[in-house]
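Welcome to the tour! Open your viewer, get comfortable with rotating and selecting, and follow along one stop at a time.

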Amino acid sequence: MHTGRSLLALAVAVSLVATPAQAHDHSAWGSGTLTDAELHSLVAQMTLSEEGGMVHGEGDPPNSPGATASCTASAVGCVGEAGWIPGVARLGIPPLRMTDGPAGIRLRHVETAMPAPVGLAATFDTAAARRYGATVGKAGRATNQDVWLGPMVNQVNFPTGGRNFETLGEDPYLAGQLAAQEVTGVQSEGLIAELKHYAENDFENGRTSTSVAIDDQTLHETELQAFEAGIKAGAGSVMCSYNRINNIYGCGNDTLLHSILRQQLAFTGFVQSDWGAVHKTTDLYYGTDIEQPANAAGTSSFGAALQAAVTNGTPAVAATADFPAYPAISASQWKAALDTAVFHILSTMNNAGLLEGTVFGSHSTDGTPYVPPRPDLAGLQPAESATAQAIAEDSATLLKNNGVLPLSRSSGDVLVLGPTAIAPYVDGGGSSHVTPYDPAISPYSALRSAGVHARYVPGYDLDGQVVPSSSLSAPDPAAGYPNWTLTPADAGFAGQPGLLRQQITTDPVPAGAQPVLYTGPDAAPDQLTAGEVANLPAGTAWRWSGLLTAPANPGGTAWQLKVFVQNQAGSQLFVDGLDVASRRINLGAYPAAPATSYAGLAEAARSHDPAQPALQQGTYAVTLAAGQAIHLDLRLVAGTAPAQIQLRWVPPDSQTTSIAAAVAAARSARTVVAFAYDEGTEGRDRGISDQVAGLTLPGYQDALITAVAAANPRTVVVLNTGDPVYMPWAGSVASILEMWYPGQRGGSATANVLLGKANPGGRLPVTFPAGTAFPTYDPSCTDTSPTGNCPLYPGVVGPSPFLPGATTSYRTITGMAVNGIYLGYRWYDKHDVAPLFPFGYGLSYTRFAYSDLRVRHSHDGGLDVTFRVRNTGRVVGSDVPQVYLGAPSVKPSGVQFAVQSLVGFTRVTLAPGRSQRVSLHVAPRQLSYWSTNWVRASGWRTVSLGSSSRDLVLHATVQM
Ligand code: BGC
C-alpha cells in the first residue's frame, strides 16, 4: 500500500488488490506509477455517468457554468484551451486540458509563437525538432495544459493545401524523423502529444465530407510512416480526422483505428476526435475514445446516446447514403468498448504522471494529492523566444543569390517594401495560430536597429486610406431612406461633410430590424469624420449613417471599402441595405486578445500601420462610377475595452500608384528588399477550387516585384509563405530568401539572415513547381462528371458507395489513387517534370563538398552509409547532406517504386575549411515495400548522396 494515501482513498480501494508503491519520481513522462491492474480498478470504480464524462469534451472552463475567476483572469490558468475533460474528482482523477498546436501553445492570451512547422521541417534538424517540442512542452505545463494537439503529420499532397504550413513537408521519412523528436521533446516535459489528423487530411476544401480513395501500399508508405514514427516515440494520443478514408469517416473507421492503429502500429494511447469529427455513437465502438468538442448538454454522440447504448444495446442499422450498415451491438459489448476507451485515457494520463493524486497514486504525507510542479511561465519566456528565433534562423532557405546577400555596407540605402516587412508575418491562420507576446518586432525595425540605412515604402496597399470627409455627407431625414433611423432634429446635419453618429442601445437587434436609439445622457447625435479613431467606451454601441459619393477616378470603378476596428464585440457595415448579406461587412466578435497586434488575423485582415497595429479590418468590394452615391450604415458594439473604428477605402488606381511609388523609390535605392506573402490557413485551400491560381501570390504582389526588379537589379525577395508559390519574377531578381511563417521572433531572425549574422541552412521540405504541372488531380483528365475519368478534387457530389443509385454529400479525392506513392518530388521524378526549386534544395553563404561515399550492409539488415562533408567556402555554415535510395532492379508486378526516396539526412555545421565524416543508418524498413506486410525489395539499388533531390553527386550500388 502507498504510505501517504488518504483515508477516503483507502476506503474506496480497500477491496482491491493494489500493487505496492514504487519510489515516486515525479519527473514527467513515463513517471506514472499506477499498474494496469490499478488502472482497470479505477475504471471499475466509476459510475456509468463518470465514465461517460471521460469520453466527451466540455467547453473551456471560463465558458462553463461554475467557472472560477482565476480561470478567466489569470495568464497562467485554464483559459483558452481547445477543450477539456473534467476528470472524476471523487477518485482523484484530475481534469485533462487540451491546447492547440502545432505552432506553439495556443491559448486565449498571448504566448510564444513558434515558427510554423513547415519552417521546422526546413531545418532538416532532428535536434531542433526536439528543442521545439521541449519548448512547447514546458510552456504547456506552465499554462496548466495537459495535451498538446500536435504535431500535424499529414503529408503535403496538394501544393495548395490550406494547412500545408502546419505539416512537416512532403516526405514521410523527413516528417517521421522530426515528428518523433517533437513528440519526445513535448512529452519529456509532461505534456501528452497528439498526432493529427489520422488520416489523409491533407486538404481543406470539403474536408468534412470528402473521401480519400487510397490503396494499401500508398497508405502505408506515405503518411502512415510519420504516424508510426510518432507512435514509436511514445505519442500518447492520436486525433482522428474529419475526412473519410476509402468511404468511411476517420473517427468511425474500424480498419484505420483498430486494424492499423491498434494492431499493426501497437498504439496504446487514446484516440480523440477532431473537433466535430464524430458522426455516430458507434464511432466509440469503432475506435474513437474521446469525442470533442464541448457538449455540456450531453446531447453529443458520446453523451446521453452512449449511456443509453451501454444500458440497452443498439439494434442493427441499415445503410444510408453516407454510412454503411451497422450490426446490432449488445449492452455488454458497449460497456466493454467504453471501459476500453476510459482505460486508454487513464493509462495515457498515468504515463504522463498526471494520475498521482488518484486513489492509487501517491499523495503527500498529509494525504493531499500530489500536484505535479509547473514551471513559471514568465521565467520561461526569454528561453522560448530564443529558441523560436534560433529555429527561424535555421529554417531560412536561400533559393537564389547572385551575391547581393548578405547585406553589407556596400548595400547602401536599402528600400524595404511589402506589408509583412512592417507587420511581421508570425504564423498561419486557423487553430494553430498563436497570438505572440508583444512586441513581435518587424523585419524592418530589426534591420533599422541593426544600423541598416533602410526606408520603407508599402508598394502594396492592403490598408487603403481613411475616407475623406469631403466624400461623405450626413443623412437627410427627408430622404426617407429606410435603413437610417433619424429624428427630425438630425435635419440640422443633413448634407454636411462626414457621417452622422448616433448612440444606440446594446439590446440585441433581430435580423433585419433597426437598432433602437440610445436615449440616455449625452444622447445627442454628432458627426464623426470617418478617419477619427475614437475611444468609444466599453460596452457602448454606435451607428454612423450617411452617403458616400465616389470621386472621379482615372483608375476605374472597383473600390474596396474597409472597416478597421479594435476592441469590438461586433461591427457591421451595411451598404445600401439591411437584408443582403453580401452587402455587409460583418467583422463579428474578433479579435479575442485585445492587447496585441496579431490576434490570429489573416494577413489581409490586420492593420499594417505600425502606429495602429491593433486594428482589424474587414473588406467589401464595391463598384462605383464617378459621382455615384451609396448609403452607408456602420454599426459597432464596443467590447470590454474602449473601442476604435475607422472607415477606409482602397481606390481603383491603388495598384498603379502603389507600384509607381515603389518603382520610383527603388530607382533611387542601392538595394531593394521586397517582402511577399501567401495566406495559408485552416478552413480553405489556397486558390479555393482552382489549384493553379492557388500557387500565385495574393493580389498584385507579382506585378510589384516584377516592376521593382526591372527598376533595380539588386532586388532581394523575402518570402513569408507556408507553401510553394509561383515566382514569375524568379529570373529577374537578385536573391530569393524563403523565411516561411517564422513565429514570434521572425523579424529579428530575418534581419540576422539578411545581414549574414546567421547563415541560411534551411532546405525545402516541399517541391516548388515551375509551372502549372504539379501533383494534383489528374491533369490529363477530360470528364469531370462523377463517373468520368477525372479524379474529383473536392467539389463534386458523387454516387453513394453504400446505397447504389443514391447521391450523397459524399465527395472523393482520387488524387491519392492517381498519384499513388508518388507524392512531392516522387511525382516530379516519375513524370520527369522539372521543378522550379527541388525538394531538399537550399543555398548558403558558404559552399560544401562531399567525398568518399561508402555503403555497407549493417547487422540489422539495413545499410550504413558514410561520407565526408567539407566547408569549402569562407564562412561558417550548416549543410544538410541527403541520401536517396533508388528503385530496386527487381520490381514485383503491381508494386509501386519511387525513382528515388530520401532515406537519410543530417545537419552539420562546419567552420570554413573544416570537414566531418558523417555516418547515417538506413533501417531495413526503408529498404522494404508494403504488400499486406513489409517485404524487403531485392536486386540492385543505387544509393546517392547530394544537396537536394535533384543534385546528387556521389553514387554507390548495393545488392540486396
Ligand atoms: C482542427 C484541429 C484542431 C481542433 C481544435 C480543428 O478544427 O482541425 O487541428 O486541433 O480544431 O481547435
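How do the residues of the shell around the ligand divide into nonpolar, polar and charged? Keep that in mind as you make your selections; the model on your screen is a predicted one.

**Stop one: the ligand.** Select the ligand together with the residues that surround it: Asp100, Leu149, Arg163, Lys196, His197, Arg207, Met239, Tyr242, Asp274, Trp275, Ser431 and Glu682. Colour them by type and you have your reply: four are nonpolar, two are polar and six are charged.

**Stop two: polar contacts.** Now show the side chain of Glu682, where an N or O atom is 2.6 Å from an oxygen atom of the ligand. Go on to His197: here a side-chain N or O atom is 2.7 Å from a ligand oxygen. Add Arg207, which has a polar side-chain atom 3.3 Å from an oxygen of the ligand. Switch on a surface next: of the 310 Å² of accessible area that the ligand has on its own, the protein covers 90%.

**Stop three: helix H12.** Leave the ligand and select residues 304-312, which form H12. Which residues of this helix are buried? Pick out Leu306, Ala309 and Val310. They are on the same side of H12, because they cover an arc of only 95° around the axis. To see what covers these buried residues, display helices including H3 (48-54), H11 (282-285) and H13 (331-351).

Turn to the face of H12 that points away from the buried side, and you will find Thr311 and Asn312, both exposed.

**Last stop.** Just after H12, click on Gly313, whose phi is positive, at about 75°.

Technical notes:
Residues numbered from 1 in each chain as written. Predicted model: local features only at pLDDT ≥ 70, side-chain atom pairs only at ≥ 80, totals over all residues. Heavy atoms only, no water. Near = heavy atom within 4 Å. Polar contact = N/O pair within 3.5 Å; in protein donor to acceptor, adjacent residues only side chain to side chain. Areas by Shrake-Rupley, 256 points an atom, 1.4 Å probe, with all protein chains shown as cover. Nonpolar A, V, L, I, M, F, W, Y, C, P; charged D, E, K, R; others polar. Buried < 20%, exposed > 50% of the residue type's maximum accessible area, 1.4 Å probe, protein only. Helix = DSSP H or I, 4+ residues; strand = E, 2+ residues; numbered from the N terminus. Arc of directions from axis to C-beta. Contact = heavy atoms within 4.5 Å.
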